[in-house]
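Good morning, colleagues. Please look first at the sequence and the structure, which I shall then take in parts.

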Amino acid sequence: MPLMTLEQLSYNYPNTQGLDHLDLTIQTGEFVCLLGPNGSGKSTLLRILSGLATASTGTYRFNDQAITADYLRDATKRQQLHQQIGLVFQNTDVQLFNPSVTEEVAFGPRQLGLSTAEVTQRVTDCLALTDCTELRERVPYQLSGGEKKRVALASVLALNPSVLLLDEPLNGLTIAAQQQLLTLLSRLQAAGKTIIMASHNFQQVQAVGQRFIIFNSAHQIDADVAGSVLATQPERQAQLMTL
Ligand SMILES: Nc1ncnc2c1ncn2[C@@H]1O[C@H](COP(=O)(O)OP(=O)(O)OP(=O)(O)O)[C@@H](O)[C@H]1O
């Protein structure tokens, strides 16, 4: 059974179209990069996949369950979905609201009702994994852009989601920090997680993505290609470099 299936899914904002008739299947364990120009629909797709928004028309199924507005109205089901699918937002500031980094990362596991010992263990592990241990006493709001990204990722990982959605996670990071994050994402994939990452910078994600879904400015999927196939298409690669 596929992990995620979209059939003829469209999403409309009040005055704009966000996504236009997408058909898409994602399998467990894939590392997918969403590419495309500004405004092509990458963030909108991540919002749909995470259950923050629902299709205007068409369907989205996660583990064969249709994710509808009705389904998400049920708080227990919504929480179960958010526990399985973690989203690291493009604007990290909307994601960080606790007085310290430790509190920030502990927030999700506490909401799940884990014991104090389990929460402490998850916080310690996730801070170490994202290289945030040194930041644990700091105020999230006062961190640098790159530090905020790492803390946001730690707070999402603390819920131990099986699917990780990331919206432009490399923006604002130094080249070294980008490398570090990409290595971490590859390790998470090797540990069995499904990774779906939006980027408008092909150069940054070229090395890690195993599948590239390319949007066009009409909010449709223009191409859906395996990394191994893309490696044999220099013209398409050159075109992606200009996004
Ligand atoms: N909150 C909103 N209200 C109205 N229109 C929106 C909203 N968010 C996005 N849109 C529009 O929906 C379309 C898709 O936007 P989306 O943010 O999904 O694109 P994107 O590929 O993630 O872009 P970027 O690379 O700039 O983040 C665009 O035309 C955008 O202007």
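Let me begin with residue classes: Ala, Val, Leu, Ile, Met, Phe, Trp, Tyr, Cys and Pro count as nonpolar, Asp, Glu, Lys and Arg as charged, and the others, Gly among them, as polar. This is a predicted model, in which local features need pLDDT of at least 70 and side-chain atom pairs count only at pLDDT 80 or more, while totals for chains, interfaces and linings use all residues. Residues are numbered from 1 along each chain as its sequence is written.

I turn to the ligand. Its shell holds 14 residues (a residue is near a molecule if its C-beta atom, placed from the backbone, lies within 6 Å of it). Tyr13, Asn38, Lys42, Ser43 and Thr44 are the closest. By class, the shell contains 11 polar residues, two nonpolar and one charged. Helix α1, residues 42–50, supplies the largest share, three residues. Helices here are DSSP runs of H or I with at least four residues, and strands are runs of E with at least two, numbered from the N terminus.

Next, the sheet. Four strands form an open sheet in the order β2-β1-β4-β5, with antiparallel pairing; two strands pair if DSSP finds at least two bridges between them. At the edges are β2 (17–26) and β5 (65–66), each pairing on one side only. Six bridges join β2 to β1 (residues 4–12) in the antiparallel sense, and Tyr11 stands opposite Leu19 in β2.

Finally, consider Asp64, in the loop between β4 and β5. Is Asp64 buried or exposed? Asp64 is exposed, because 9 other C-beta atoms lie within 10 Å (12 or fewer count as exposed, 20 or more as buried, and those in between as partly exposed, with C-beta atoms placed from the backbone). The C-alpha atoms of Asp64 and Pro2 are 7.6 Å apart, although 62 residues separate them along the chain.
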